[in-house]
Amino acid sequence: MRRFSSCLRLASPMVSLQDALNQALQLYAAGQFDQSAALAGAVLRALPDQPVARHTLGIALCAGGKAEAGLVQIAIAIALDPAQPVYAVNRATLLSGCGRRAEAATAYRRALRLRPADARLLDGLGTALGDLGHSEEALQPFRHRAALEPELAEAYRKLAILEQRVGQLPAARRAYRRAWRLGGGDGLLVREALVLPIIPRSVEDIEESRRHCASVIDAACAQGVRLEDPLREVGVTSFYLSYHGQDNRTLNTRLAQLYAAACPSLLETAAHCRPPAAAAPRDGRLRIGFVSDYFHGHTIGMLNEGLIEQLSRERFAVTLFLVPGPEDELRCHLRAVADQVVELPAALSAARQAIAEQRLDILYYTDIGMSPFTYFLAFARLAPLQCLTWGHPDTTGIPTLDLFLSCGAMEPEEGESQYSERLVRLPGPTLYYRRPHLPEPRKTRVDFGLPAGCTVYLCPQSLFKIHPDYDAALIAILRRDPNGLLVFVDPRGQGGALLERLRPKGPEVAERIRMLPGLKAMDFIALTADADVMLDPFHYSGGKTTLEALAFGTPVVTWPGAFMRGRHTLGFYRLMGLEDTIARDPAEYVERAVRLGTDPDLRALVRARTLERCGVLFEDASSVRAIERVLVEAVQRQRQAVRAA
């Protein structure tokens, strides 16, 4: 400490100041950030225009948790010596680490002017731009980086992700394949299979992507690929297959078989699920665990909150498994109503152990296919009975999932053939969903920048639900109603790709297609309540959004699809006993939509009938009782089968 103090007193000899600066840097390298900052500050008191000291003080302050103050010092160092690349590089890196992506992108560009062939800077700029949603702009630095490091698998992996995001699927596949061949791991070959269009350009685009997916899965199986941790090495699901309007049982089953062969540890079986049969519950209740990535103010949390709360505590002991997420009002409520809450680790093996330790009778997945974590978790046998429901309404192909709990009113007659799980058709909406309410005065279309006198045809679903088969009907509605405005909501910045597809099909009506930005929850509901007509997409129907519209009487025009995921709105109307807005084919869909949009008296009648009958969809305790009966009976059958064996 005596030596350190003496250094602080040094004021004028240049050699001593240089020694002090060197020592400050050594202290920084040793992790003694406060002492490094103090020593650099002492130098600055003697020479306030010393850029090295400013920079040293800045990086020491940042490393010591004082990022804002540190960044100010580094900015001063840059102003004092703008030709020094180290200052610019560190400022860009630190801004990125602080999550200040827009500033980081600007800083990376400045640093690249000084070091134009720095691969790390190119990677940083591409990452910052990608995180900002500027995917097209991010491609250039990632391509430059790949050209500089053509033997680096990671460079091609990152490039592939961006190319898929902007819809350049062939390029994304080539980049994944190259990354795989460069030794990036077998997970990259699986990633190539799952390069699927987000906003498809055409039906042919969809067909080609499915053929490629199937062929690469077959090739990966033939290669005998090996995965140690699919969550880390692959990290995506076949999510976008569900928006193609086709039967996914074969593809999803083949994909699940690939994972099972590539990573046998996924199929771990908890000790209490192995013969002999597990002991009876300690207090006579069945132990049920609910798991999802989305137990917060998300559609999945909202759809399942009521069931978790209302499930009989005389018959069930409820455990809630949580992953890190927003601690919002809904999550706090779920914590309060569960009998037990278990925080799951991020690693699959540790999460499997945490669930197995609860010795559950039933593991209930509210959604599978939206999150890689729960998808890969579901391969393990962690409870004697494992089921899922229609949070993501598609079959999984995973052999350890026993039941798919579905709404019977939504299922087609041949629905059983579309699932690898055993389909259970439940009565009622299968939800205990609270009817939404809006504060008065309500927002109207004018508050969202829409003309007061237009007819609002609202299609507020996620834009990846808008299948190319649906385009002709949308354009026809606008052609039939010159006063009509087709309104989408675009929270993910995907609207440009959809408009690019729609405009050539109806150039004379394209100016009457509007994209609203993402909306707060209450604003979104207010928009649905004020719309003249809600348009339900072909092949993939609205769920929570349809419920919110019906709660305020908004007519929802639907043409039921071939799969349950395209029949949610049909199911709700069947439960209400209404058929006013159900079409038999695309032509009738257009006819019904335009009649409702242009005939105020008809629209008022349908609104009144909807408001009169929609109560059956909300806070339905009979749906909860039906789920209870199915689960109890399934566990009893299972135990009887084990005893008989």
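This report walks through some sheets, loops, salt bridges and a surface patch in the structure above, which is a predicted model.

**The five-stranded sheet**

Let's start with an open sheet of five strands, which pair in parallel and follow the order S10-S9-S8-S11-S12. Its edges are strand S10 (513–517) and strand S12 (556–557); each has a single partner strand, so one side of each is left without a neighbour in the sheet. Strand S9 (residues 484–490) runs parallel to S10 and is joined to S10 by five bridges. If you want one pair to look at, go to Val489, whose bridge partner in S10 is Leu516.

A helix sits over this sheet. Helix H20 (residues 471–480) lies across strand S8 (455–459), S9, S10 and strand S11 (533–535), and its direction makes an angle of about 140° with S9.

Follow the chain on from S11 and you get to Phe538, in the loop that leads to helix H23 (544–551). Is Phe538 buried or exposed? Phe538 is buried, with a relative accessible area of 2%. What is Phe538 in contact with, once neighbours within four places in sequence are set aside? The partners are Lys465, His467, Asp469, Tyr470, Ala473, Trp559, Pro586 and Tyr589. Gly493 makes a handy distance check: Phe538 and Gly493 are 45 residues apart in sequence, and their C-alpha atoms are 22 Å apart in space.

**Strands S1 and S2**

Now for another pair of strands. Strand S1 (residues 286–291) and S2 pair in the parallel sense, with six bridges between them, and Ile288 stands opposite Val318 in S2. Strand S2 (residues 316–322) is mostly covered, with seven of its seven residues buried. In a regular strand, side chains alternate between the two faces of the sheet. In S2, Phe316, Val318, Leu320 and Leu322 point one way, while Ala317, Thr319 and Phe321 point the other way, and all are buried.

**Backbone oddities**

Most residues other than glycine have a negative phi, and most peptide bonds are trans. A few spots here go against that. Glu440 and Pro441 are joined by a cis peptide bond, with omega at about -5°. You'll find Pro441 in the loop between strand S7 (422–426) and S8.

Arg359, which is not a glycine, has a positive phi of about 45°. Arg359 belongs to the loop between helix H18 (348–356) and strand S4 (362–365), and is partly exposed at 36% relative accessible area. Glu619 also has a positive phi, near 50°, and is likewise a residue other than glycine. The loop that holds Glu619 runs between helix H26 (600–613) and helix H27 (621–644). With a relative accessibility of 41%, Glu619 counts as partly exposed.

**Salt bridges**

Side chains of opposite charge can pair when their charged atoms come close. Counting nitrogens of Lys or Arg within 4 Å of a carboxyl oxygen of Asp or Glu, the total is 41 salt bridges. Here are some of them, with the N to O distance.

| Salt bridge | N to O distance |
|---|---|
| Arg100 and Glu68 | 2.8 Å |
| Arg115 and Asp118 | 3.8 Å |
| Asp394 and Arg565 | 3.3 Å |

Take the Arg100 and Glu68 salt bridge. Arg100 lies in the loop between helix H6 (85–97) and helix H7 (101–114) and Glu68 in helix H5, so the pair ties together parts that are 32 residues apart in sequence. Arg100 is partly exposed, with a relative accessible area of 23%.

In the Arg115 and Asp118 pair, Arg115 is partly exposed at 32% relative accessible area, whereas Asp118 counts as buried at 16%.

Then there's the salt bridge of Asp394 and Arg565. This pair links distant parts of the chain, 171 residues apart: Asp394 is in the loop between strand S5 (385–389) and strand S6 (403–407), and Arg565 is in the loop between S12 and helix H24 (568–576). Asp394 is buried, with 4% relative accessible area, and Arg565 is buried too, with 3%. Elsewhere, Asp123, Arg145, Glu149 and Lys158 are joined into one network by salt bridges that share partners.

**A nonpolar patch**

Last stop: the surface. Val72, Ile76 and Leu80 make a nonpolar patch of about 210 Å². Leu80 lies in helix H5 (residues 67–80) and is partly exposed, with a relative accessible area of 35%.

Terms used:
Residues are numbered from 1 along each chain as its sequence is written. This is a predicted model: local features need pLDDT of at least 70, side-chain atom pairs count only at pLDDT 80 or more; totals for chains, interfaces and linings use all residues. Side-chain values use heavy atoms; hydrogens and water are left out. Patches are made of residues with over 30% relative accessible area and no salt bridge: like charges are joined within 9 Å, nonpolar side chains (Val, Leu, Ile, Met, Phe, Trp, Tyr) within 5 Å. Accessible areas come from the Shrake-Rupley method with a 1.4 Å probe; for residues, only the protein chains shown count as cover. A salt bridge is a side-chain nitrogen of Lys or Arg within 4 Å of a carboxyl oxygen of Asp or Glu. Helices (H or I, at least four residues) and strands (E, at least two) are DSSP runs, numbered from the N terminus. Buried means under 20% relative accessible area, exposed over 50%, partly exposed in between (1.4 Å probe, protein chains only). Two strands pair if DSSP finds at least two bridges between them. Contact means heavy atoms within 4.5 Å. Axes are lines fitted to C-alpha atoms, for helices over the stretch in contact, and angles run from 0 to 180 degrees between N-to-C directions.
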